[in-house]
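Here's a quick tour of how some strands and helices fit together in this one. Have the viewer open and follow along.

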Amino acid sequence: MVITSETAHATSDKAIATYDAIIIGAGFGGLYALHHLRDQMGLSVRSFDGASDVGGTWWYNRYPGARVDAPSSPFYGYTFSQELVDEWVWPETQSKQSDVLAYIEHVADKFDLRKDIQFDTFVTDARYDEDTQHWTIETDSGERATARFLVCAIGALFVANKPDYPGIDDFAGDIHHTGRWPHEPVSFEGKRVAVIGTGSSGVQVVPEIAKTADHLTVLQRTPQYALPARNKPLAEEELDQYRKDWSELRASMRKRGGWPFRTSKLAPADHTFDERQERYEEMWERGGMHMAINSFTGVYTDEDLNEEISEFVRSKIRATVNDPETADKLMPSYPFGTKRLILDNGYFETFNRDNVALVDLRENPIEEFTKTGVRTTDGEHPIDILVLATGFDAVSGSMLKLNPKGRGGVPLKEKWAERFDNNLGMTIAGYPNLFMIHGPGSPGVFFTMPLGAELQTAWIESCLRHLDDANLGSMETTEEAEANWDAEVTGIANRTLYPRADSWYMGANIPGKPRQFLGHLIGSRYFDRLTEVAEAGFPDFTFEDRR
Ligand code: NAP
């Protein structure tokens, strides 16, 4: 690779450090990009992260109960290094946050990544200069740096959604958002606590808070389906088998939507109602995501099958929750799985405790917060601590917060005012040489994030090599390609039941956010497409000679 790395670039005021690539983010995506671009390609790279250390979402989301809620920990790690796979011991199938963070820290040590990352530094601005074909970033300390390539690995779930209920700022107790959890322990001992939000984070944090709080009020807007996680220790022999089979498993993950598991080939119509119920029961006992991927074909597309599974899960909630009135409030009605599936560790059982109450915000909305509590239409709930498990302005939110200025100084907020137009979930017309990892329209959370980042970074390499081989200075996708990509991503989603739910997948959790399906649902097809585009010489892109 002959991309040259200058060291300092004189400007009108002071010398600005110049790199081949600047990476924003030191989570799973950004760390891999740093390793790949720096160590595999020999580029000069500088990374920035607002956090004080590596880990991204796993650095921030350290609320009690936070753990992997995906099929199995060994597949929620990087796949590229056999040595890393061999040496790491995942303790549980759904490892807890501190174990995932320890893994990411180990990766940072092993590949000596921290020396090129500037922590505690938020990138507050990024501008493309058409004359120099460079991006210049500015940080919250006023520092600037410039690079030919800007890689935004800034997190699909980063910008915390904080509801602005009347009076919330006057509440005198502590307020903690699950996505910005303090590093010092938070004690709930003897406290009256309210949790708003019953998504993945709420379902994980609620049972933990209930264990020690004097009283817990769960303020629920939408009841959720949650499947038993059935977390268990991972035996050394099982890990050894994975290590031995790793290259086949990795290939299989790439082919099968991120996880090396076969999905069910059973057609529901070939089975009687009773046989199907038996199968649901088996999947329930196996726990994890089995109900969704292993019961029958068509869970996300076949309305009747989906409703039958939805009803099965509702019956499990009814059987678990002692008080029928509370159980009624916990009944979800949207199609199963069309909001992010939740794995639970005793969530529904928590409502059988004497110190836990459920408020259905659809019946009794929040009117206001006071100094000492929250008032819903059914009365005042005195609280000492408020926990916001209210999620994120997902996928597009962090790019909009960065708000890079592309050609002609156009801010992304202007370009994305109505739709999050981009091509391949990675490139944006008008923003040359900028690459997103896990951007809108890429598989993101519908695939395994670490492997997804590895594959997307490999594609970035092919872009950079293409430029270098032909002595080109910039590449940029076209608006026509963006429209086609939007049609493809939306078209796939529209063939499923996903758009029926008001989920963050649809942007429906943030008031005023454009409603648009935010992920590519067929990871294997997506990554094939990346390869095809590169092999065809990037037909949907325009190029400029290097200046
Ligand atoms: P979420 O799924 O968006 O859930 C947010 C919850 O807050 C929902 O119940 C939502 O209700 C509620 N809410 C939002 N605004 C509200 C308001 N103004 N008033 C009342 N309720 C409000 O967020 P999350 O639970 O943080 O999870 C986000 C994603 O992070 C997950 O889907 C998952 O992909 C990931 N995650 C992963 C793990 C893991 O262990 N791997 C753990 C946690 C999260 P509505 O449903 O009505 O919008």
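In which sense do strand 15 and strand 16 pair, and over how many bridges? Strand 15 (residues 373-376) and strand 16 (residues 379-382) go antiparallel, joined over four bridges. The two make a hairpin, and two residues sit between them. Look for T376, which stands opposite G379 in strand 16.

Before going further, remember that this is a predicted model. The average pLDDT of the protein is 95, and 97% of the residues score at least 70. Residues 1-12 are another story: there the pLDDT is below 50, though the stretch still has 31 contacts in the model beyond near neighbours in sequence. Where pLDDT is low, predicted coordinates shouldn't be read in detail.

**The sheets**

Back to that hairpin. It belongs to an open sheet of three strands in the order 14-15-16, with antiparallel pairing. Strand 14 (366-369) and strand 16 are the edge strands, each pairing on one side only. Ignoring direction, neighbouring strands in this sheet are turned by 25° against each other on average. Strand 14 and strand 15 are antiparallel too, paired over three bridges. Here I366 stands opposite T376 in strand 15, and T376 is also the residue opposite G379 in strand 16.

There's also an open sheet of five strands, ordered 8-17-9-10-13, and its pairing is parallel. Strand 8 (174-177) and strand 13 (356-360) are at the edges with a single partner strand each, so one side of each has no neighbour in the sheet. From one strand to the next, the twist averages 20°. For a closer look at one edge, strand 8 runs parallel to strand 17 (residues 385-388), and four bridges join them. H176 has V387 as its bridge partner in strand 17.

**The helix packing**

Now for three helix pairs, with the basic geometry in a table.

| Helix pair | Angle | Axis distance |
|---|---|---|
| Helix 8 (residues 273-286) and helix 10 (residues 303-320) | about 55° | 11 Å |
| Helix 7 (residues 246-255) and helix 15 (residues 449-469) | about 85° | 11 Å |
| Helix 15 and helix 17 (residues 523-535) | about 10° | 10 Å |

Start with helix 8 and helix 10, which pack at about 55°. That angle makes helix 8 oblique to helix 10, and the crossing is right-handed. On the helix 8 side you'll find F273, R276, Q277, Y280, E281 and W284, which meet L305, E308, I309, F312, V313 and K316 in helix 10. By class, the residues of this contact are seven nonpolar, one polar and four charged.

Helix 15 turns up in two of these pairs, so which way does helix 7 lie against helix 15? With an angle of about 85° between them, helix 7 is roughly perpendicular to helix 15. R250, M253 and R254 in helix 7 meet L451, E454 and L455 in helix 15. This contact has three nonpolar, no polar and three charged residues.

Helix 15 and helix 17 pack at about 10° and are therefore roughly parallel to each other. Helix 15 brings G452, L455, Q456, W459 and S462 to the contact, while helix 17 brings Y526, F527, L530, V533 and A534. Here the residues divide into seven nonpolar, three polar and no charged. Keep an eye on L455: this residue of helix 15 is part of the contact with helix 7 and also of the contact with helix 17.

Note on methods:
Residues are numbered from 1 along each chain as its sequence is written. This is a predicted model: local features need pLDDT of at least 70, side-chain atom pairs count only at pLDDT 80 or more; totals for chains, interfaces and linings use all residues. Side-chain values use heavy atoms; hydrogens and water are left out. Axes are lines fitted to C-alpha atoms, for helices over the stretch in contact, and angles run from 0 to 180 degrees between N-to-C directions. Angles under 35 degrees count as roughly parallel, over 145 as roughly antiparallel, 65 to 115 as roughly perpendicular and the rest as oblique. A crossing is left-handed if the near helix is turned anticlockwise from the far one by less than a right angle, and right-handed if clockwise. Contact means heavy atoms within 4.5 Å. Ala, Val, Leu, Ile, Met, Phe, Trp, Tyr, Cys and Pro count as nonpolar, Asp, Glu, Lys and Arg as charged, and the others, Gly among them, as polar. Two strands pair if DSSP finds at least two bridges between them. pLDDT is the predictor's confidence in each residue, from 0 to 100.
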